[in-house]
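Thank you for making time this morning. I would like to walk through one model with you, beginning with its pockets and then turning to a handful of individual residues.

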Amino acid sequence: MRTSADYLKSLSDGRQVIVDGSPVDDVTTHPAFAPIARTVGELFDLAADPANGMQVTDPVTGEEVNRLYVAPRTAEDLTAWRAAAQVWADHTNGWVGRSPDHVGAFVAAFASHPEAFATERRLADNVVAFQRRVVENDLYVSYAIIPPQVSRATTAHAWDGDFIQVGVKEEREDGIVVSGAQMLATGGAVADEILVSCIKPLTPEDTDFAISFTVPVAAGGLKLYCRRPYATGATSEFDYPLTTRYDETDALLVFDDVFIPWKDVFVYKDVPGLRQQFFDTGAHVLGNFQAQIRFATKLRFLAGIARKVAAVNGVDRFPGVVEKLGELASLVSVVESALHAAQFTAAADPQGLFRPGAQSLYAAMGLQAELHPRVIGILRELVGGGVLQVPSSVAELQNPDTAQDMERYVSSPGVSSAERVKLFKLAWDAIGSEFAGRHQSYELFYSGAPFVVKGYAFRNYDYDRPVAAVDEFLASYGVSELPTLQEVSA
């Protein structure tokens with residue numbers, strides 16, 4: 001299986017990643033991307049170690065491969081799949097939202113349902129072949145599945161200018177030429193390939209933009225315009241412990257007449273086909289099962305910071321603080337319980353994909369935009385001004401002229417100045433830094449706008465049962481059976 005060394009070596013491929021107006025020479029050495037590349041490399045090392053239980057025997061080749069790239073077929077498979085995803089989530093403490101298992105899960109589900117892809121041009125074969133390529137080469141695939149925010153009132157066909165959203169500019173015998181842009185490729189700068197599609201509903205007039213394909217990040221004519229990286233502004237690992245490990249760089253993809261061979265095309269000028277690939281295949285459920293495993297892990301980590309802060313401040317027995325910690329425990333347990341329920345209610349579909357229970361899964365997703373801000377808010381209340389009292393940098397702890405003041409005035413009973421500052425620097429990076437601010441927005445729109453995500457919960461909740469109960473109760477009495485006003489008066 002692939003190792004960190006293999007992965008990092010593959011990133012030096014001439015990809016056009018642009019920051020501050022200039023292309024990056026090498027993402028493995030650039031301060032904006034090297035930290036997250038190292039973190040992803042560590043994930044590959046974990047998967048390559050048999051002791052971590054992340055490997056499964058590939059039924060096609062007989063080789064050991066990453067379990068997370070293979071669709072679960074039984075309850076036992078799903079249990080092992082979840083455990084493998086947990087290994088990676090634990091390593092990043094839930095702060096890497098687009099680790100390789102996320103889109104890997106989508107691709108695995110795609111290949112489990114080739115019938116969802118048009119037989120024209122043998123696109124179904126392309127999907128199956130790509131999944132094999134991901135499995136056998138241990139690829140990190142990111143995705144960009146949202147159009148640029150040009151107008152939310154209309155779709156691509158109505159926008160001024162040709163090919164603002166990525167679309168088919170030319171059809172050739174050996175493939176297609178695409179132009180335009182798509183967002184938001186989180187982790188795209190350090191991925192191997194990017195799945196480009198559109199999850200936003202399109203109209204029949206948008207057929208030129210109703211495409212799904214995969215593209216190597218180093219493809220000619222593809223540029224990645226990254227948002228401002230936060231890792232470059234982090235003064236040290238001590239001062240910004242999260243930023244210096246987990247800053248995924250979101251990117252706008254710009255396609256300047258990029259050639260895509262037919263073998264890499266999954267959906268072609270097929271508006272209904274876009275939705276089919278995500279929802280008919282079970283990809284949306286399996287991919288977001290991984291996402292909620294990651295989210296629950298992050299919430300637990302935040303709760304851990306809060307619990308430790310309360311203990312260090314000596315207030316963890318105060319009734320008001322216990323109430324806040326109890327609310328945190330409740331919020332985290334909601335997501336954890338939903339994951340257990342999704343696994344318990346999982347079942348095989350007709351093609352054999354063992355799908356997590358959609359009702360429980362989408363219930364957690366529907367609350368994600370509310371749970372995360374509330375958890376952050378409670379943590380913010382508990383740390384109070386402690387995150388503002390910390391020194392400007394670790395240098396104050398290292399300089400003998402200032403270290404004594406730090407030890408005297410910035411410490412707690414039984415906790416050294418260095419340990420207290422370290423904890424509160426971590427808390428700040430979770431709630432107040434630029435990295436933290438990005439995560440607030442990221443979790444709010446992780447699976448789409450809140451109304452979209454709650455729509456998933458609505459459509460997957462069995463309303464027939466409660467409505468039937470209400471109907472049965474209403475039918476148990478009627479107007480004729482009630483006493484008249486005169487009878488009541490008498």
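Helix 15 provides the largest share of the lining of the largest pocket, namely five residues, and I should say at once that what we are looking at is a predicted model. The space in this largest pocket comes to about 1,200 Å³. Its lining is made up of 39 residues, and those closest to the centre of the pocket are Ile146, Phe445, Ser447, Gly448 and Ala449. If you want to trace the walls on the screen, the elements that give two or more residues to the lining are helix 4 (100-112), strand 5 (141-144), helix 7 (271-280), helix 8 (283-312), helix 14 and helix 15. In chemical terms, the lining of the largest pocket divides into 21 nonpolar, 10 polar and eight charged residues.

Let me move to the second largest pocket, which has a volume of about 260 Å³. Which element gives the largest share of the lining here? For the second largest pocket that element is helix 8, with five residues, and helix 8 is also among the elements that give two or more residues to the lining of the largest pocket. Helix 8 and helix 13 (417-431) each supply at least two residues of the lining of the second largest pocket. There are 14 lining residues in this case, and Lys308, Glu419, Lys422, Leu423 and Leu426 are the ones that lie nearest the centre. By class, the lining of the second largest pocket holds eight nonpolar residues, one polar residue and five charged residues.

Now for the enclosed spaces. A search of the whole structure returns three cavities of 30 Å³ or more, and the largest cavity contains about 70 Å³ of space. Helix 10 (358-383), helix 14 (434-444) and helix 15 (450-459) each contribute at least two residues to the lining of this largest cavity, and helix 10 gives the most, with four residues. The lining residues are Met365, Gly366, Gln368, Ala369, Glu443, Leu444, Tyr446, Ser447, Gly448, Pro450, Val453 and Lys454, and they divide into six nonpolar, four polar and two charged. Please keep an eye on Ser447 and Gly448, since both line the largest cavity and both are also listed among the residues closest to the centre of the largest pocket.

Turning to the surface, Phe458, Tyr461, Tyr463 and Val467 form a nonpolar patch whose accessible area together is about 420 Å². Val467, one of these four, is found in helix 16 (residues 464-474), and because its relative accessibility is 43%, Val467 counts as partly exposed.

I would next like to draw your attention to some points in the backbone geometry. Most residues other than glycine have a negative phi, and most peptide bonds are trans. Against that background, the peptide bond from Met183 to Leu184 is cis, with omega near 5 degrees, and Leu184 lies in the loop between strand 7 (175-182) and strand 8 (193-196). Asp138, which sits in the loop between helix 5 (123-137) and strand 5, has a positive phi, near 55 degrees. Is Asp138 buried or exposed? Asp138 is buried, because its relative accessible area is 3%, and the cut-off for buried is under 20%. Phe163 also has a positive phi, near 50 degrees, and is placed in the loop between strand 5 and strand 6 (167-172). With a relative accessible area of 23%, Phe163 is partly exposed.

Finally, two pairs of residues, chosen for their separations. Met406 lies in helix 12 (residues 400-409) and is buried, with a relative accessible area of 15%. Between Met406 and Ile260 there are 59 Å in space, C-alpha to C-alpha, and the two are 146 residues apart in sequence. Arg227, for its part, belongs to the loop between strand 10 (222-226) and helix 6 (243-246), and at 18% relative accessibility Arg227 counts as buried. The C-alpha atoms of Arg227 and Thr186 are separated by 10 Å, while along the chain these residues are 41 residues apart.

Notes: Residues are numbered from 1 along each chain as its sequence is written. This is a predicted model: local features need pLDDT of at least 70, side-chain atom pairs count only at pLDDT 80 or more; totals for chains, interfaces and linings use all residues. Side-chain values use heavy atoms; hydrogens and water are left out. On a 1 Å grid over the protein atoms alone, a cavity is a set of points where a 1.4 Å probe fits but cannot get out, and a pocket is an open set with protein on both sides within 12 Å along at least five of seven lines; lining residues have an atom within 4 Å of a point. Grid points are joined across faces, edges and corners, and a volume is the space filled by probe spheres set on the points. Ala, Val, Leu, Ile, Met, Phe, Trp, Tyr, Cys and Pro count as nonpolar, Asp, Glu, Lys and Arg as charged, and the others, Gly among them, as polar. Patches are made of residues with over 30% relative accessible area and no salt bridge: like charges are joined within 9 Å, nonpolar side chains (Val, Leu, Ile, Met, Phe, Trp, Tyr) within 5 Å. Accessible areas come from the Shrake-Rupley method with a 1.4 Å probe; for residues, only the protein chains shown count as cover. A salt bridge is a side-chain nitrogen of Lys or Arg within 4 Å of a carboxyl oxygen of Asp or Glu. Buried means under 20% relative accessible area, exposed over 50%, partly exposed in between (1.4 Å probe, protein chains only).
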